[in-house]
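The following report considers how a sheet, its helices and a nonpolar core fit together. Please keep the sequence and the structure in view while reading.

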Amino acid sequence: MKTIKNLLALLTVVLALSGCSTLRTASDFDKDVDLKSYKTYNLYNKGIDRVRLNNLDKRRLVAAVETEMLAKGFTKSDKPDLLVNLVVIAREKTDVYGPGYYGGWGWGGGWGWRGGWGGGWGSPFWGGGQSYVNQYIEGTIIIDFLDPAKKILFWHGRGSGFNLDSFSKREERLYTGVKEILSQYPSSVTAAK
């Protein structure tokens, strides 16, 4: 009985962790551009006007970007060295949890990896065959740095995996997401204060 309780506790932790969506970040930049020459910024309003978020979230996103730009040492200017463009892409995601889903995870067939132990949630061992479906909108936040004089994109960062349907700690998650994306900007290059 104690073994079953330990296994259930382990599965509860695994189930909780599998439901967490972490932001996956990546970036790229033009290696021929002197990033140290950029000291001032402003927002690219045409791009921000096209961001498909409600006005509350749009203001939060802009505030998060401005907070991080200032933290990186950039100064906001009417005649900036760089423009910050924002894009949000949304797509529908569906996660299905049910019979057999957990049967493929863990140990099996002599307690080695592969197969399943206990037959999965749908087996009589676990007492059910119920499936769970989680549908939500997953967002990708893209932050681009544009050089207005040269009319080029010189830095591109993105974070994908943001659950746009969840209102839990939404403002905090937006700030954290923007911080994670902008942390991809080369750390050796920060604007002089």
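How many bridges join β7 to β8, and do these strands run parallel or antiparallel? β7 and β8 run antiparallel and are joined by ten bridges; helices (H or I, at least four residues) and strands (E, at least two) are DSSP runs, numbered from the N terminus. The model is a predicted one, in which local features need pLDDT of at least 70 and side-chain atom pairs count only at pLDDT 80 or more, while totals for chains, interfaces and linings use all residues. Residues are numbered from 1 along each chain as its sequence is written, and side-chain values use heavy atoms, with hydrogens and water left out.

**The sheet**

Six strands form an open sheet with mixed pairing, in the order β1-β8-β7-β4-β2-β3, where two strands pair if DSSP finds at least two bridges between them. β1 (24–29) and β3 (75–76) stand at the edges with a single partner strand each, so one side of each has no neighbour in the sheet. Within the β7 and β8 pair, I143 stands opposite G157 in β8. The pairings of β2 are listed below.

| Strands | Bridges and direction |
|---|---|
| β2 and β3 | two bridges, parallel |
| β2 and β4 | three bridges, parallel |

T40 has T75 as its bridge partner in β3, whereas Y41 has L82 in β4. In a regular strand the side chains alternate between the two faces of the sheet. Both faces of β2 are covered, since T40 and N42 on one side and Y41 and L43 on the other are all buried (under 20% relative accessible area; exposed is over 50% and partly exposed in between, with a 1.4 Å probe and protein chains only).

**Helices and core**

α3 lies across β2, β3, β4 and β7 and runs at about 125° to β4, while α4 packs on the sheet, touching β1, β7 and β8, with its direction at about 140° to that of β8. These angles run from 0 to 180 degrees between N-to-C directions of axes, which are lines fitted to C-alpha atoms, for helices over the stretch in contact.

The largest nonpolar core (buried Ala, Val, Leu, Ile, Met, Phe, Trp, Tyr and Cys residues joined through side-chain atoms within 4.5 Å) has 31 residues, and M69, V84 and I143 are among those with the most contacts inside it. α3 gives the most to this core, with five residues. Leaving aside neighbours within four places in sequence, V84 is in contact (heavy atoms within 4.5 Å) with residues including Y41, L43, V65, M69, I143 and F145.
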